[in-house]
Amino acid sequence: MHELGVVIEVVKTVERVVLEQNLNKVDTVVLQIGELSSMIPKYIRECYPAAVDGTMLHDTKLEIEILPGNGICKKCNKVFNLLENNRKCPNCNSTEWAILGGKEFFIKEIIAC
């Protein structure tokens, strides 16, 4: 499970921002995770308590927003969700597409109290 190492790096990054921005206390950390990324939201949630234990973020909440795994058909230019459509264009049934989004992993927001 590589999620723990990633979440530990997220915690270090958020702590650095908290110190740089002179924030008093963080309430919530918001992550955006693409449907096509290698990160599994369930595991991120499970790792978070261990990653924040003993840090300045120990009382914070974690929110995760899922970004759709969208592609564009190279034949008809239809934009569609790759997972919902089994990686096949719902318009022309082509399997030739390019990814538009869904591989992201971002710290979207640090909500301070």
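Me: Buried means under 20% relative accessible area, exposed means over 50%, and partly exposed is in between. In this predicted model, does Cys92 count as buried, partly exposed or exposed?
Reply: Cys92 lies in the loop between strand E4 (79-81) and strand E5 (97-101). Its relative accessibility is 35%, and the in-between class runs from the 20% limit to the 50% limit. Cys92 therefore counts as partly exposed.

Me: Which residues does UniProt place together with Cys92 under the feature "binding site"?
Reply: The record is an unreviewed entry, and the feature it gives is "binding site". Besides Cys92, it names Cys73, Cys76 and Cys89.

Me: These residues span 20 residues in sequence, so what is the distance that no two of their C-alpha atoms exceed?
Reply: The residues in question are Cys73, Cys76, Cys89 and Cys92. They gather at one spot despite the span in sequence, because no two of their C-alpha atoms are further apart than 8.6 Å.

Me: Is Cys73 buried or exposed, and what is its relative accessible area?
Reply: Cys73 has its place in strand E3, residues 70-73. Leaving aside neighbours within four places in sequence, its contacts include Phe80, Cys89, Ser94 and Trp97. The limit for buried is under 20%. Cys73 is buried, so its value falls below that limit, at 1%.

Me: Which residues does Cys92 touch, not counting residues up to four places away in sequence?
Reply: Seen from Cys73, Cys92 is among the contacts. Seen from Cys92, Cys73 is one of the residues touched. The full list for Cys92 is Cys73, Lys75 and Cys76.

Me: With which residue does Lys75 form a salt bridge?
Reply: Lys75 is exposed at 58% relative accessibility, and its partner is partly exposed at 43%. The pair links distant parts of the chain, 21 residues apart, with Lys75 in the loop between E3 and E4 and its partner in the loop between E4 and E5. The closest N and O atoms are 3.9 Å apart, inside the 4 Å limit for a salt bridge. The partner of Lys75 is Glu96.

Me: How many salt bridges does a search of the whole structure find?
Reply: One of them joins Lys75 and Glu96, and another joins Lys108 and Glu65. The side chains of Lys12 and Glu9 also meet in a salt bridge. Over the whole structure, the number of salt bridges found is four.

Me: In which helix do Lys12 and Glu9 both lie?
Reply: Their side chains meet with an N to O distance of 3.5 Å. Lys12 is partly exposed at 43%, and Glu9 is partly exposed at 44%. The two are three residues apart, about one turn of the helix, and that helix is H1.

Me: How many residues apart are Lys108 and Glu65?
Reply: Lys108 forms a salt bridge with Glu65, the closest N and O atoms being 3.1 Å apart. The pair links distant parts of the chain, Lys108 in strand E6 and Glu65 in strand E2, and the separation in residues is 43.

Me: With the side chain of which residue does the side chain of Gln32 make a polar contact?
Reply: Gln32 is found in strand E1 (residues 26-34) and counts as buried at 16% relative accessibility. Among the residues it touches are Leu67, Phe105, Phe106 and Lys108. The polar contact, at 3.1 Å, is with the side chain of Glu65.

Me: Where does His2 lie?
Reply: UniProt lists His2 for "binding site", again in an unreviewed entry. His2 is partly exposed at 42% relative accessibility, and it touches Ser38 and Met39, not counting residues up to four places away in sequence. Its place is the segment before helix H1.

Me: Which strands stand at the edges, each with a single partner strand?
Reply: The open sheet has three strands in the order E4-E3-E5, paired antiparallel. One side of each edge strand is left without a neighbour in the sheet, and the edge strands are E4 and E5.

Me: What is the bridge partner of Asn70 in E4?
Reply: E3 and E4 pair in the antiparallel sense over three bridges. The bridge partner of Asn70 is Asn81.

How values were computed. Residues are numbered from 1 along each chain as its sequence is written. This is a predicted model: local features need pLDDT of at least 70, side-chain atom pairs count only at pLDDT 80 or more; totals for chains, interfaces and linings use all residues. Side-chain values use heavy atoms; hydrogens and water are left out. UniProt positions are given in the numbering used here, feature names are shortened, and annotations may be inferred rather than shown by experiment. Helices (H or I, at least four residues) and strands (E, at least two) are DSSP runs, numbered from the N terminus. Buried means under 20% relative accessible area, exposed over 50%, partly exposed in between (1.4 Å probe, protein chains only). Contact means heavy atoms within 4.5 Å. A polar contact is a pair of N or O atoms within 3.5 Å; within protein, one must be able to donate a hydrogen and the other to accept it, and residues adjacent in sequence count only if both atoms are side-chain atoms. Two strands pair if DSSP finds at least two bridges between them.
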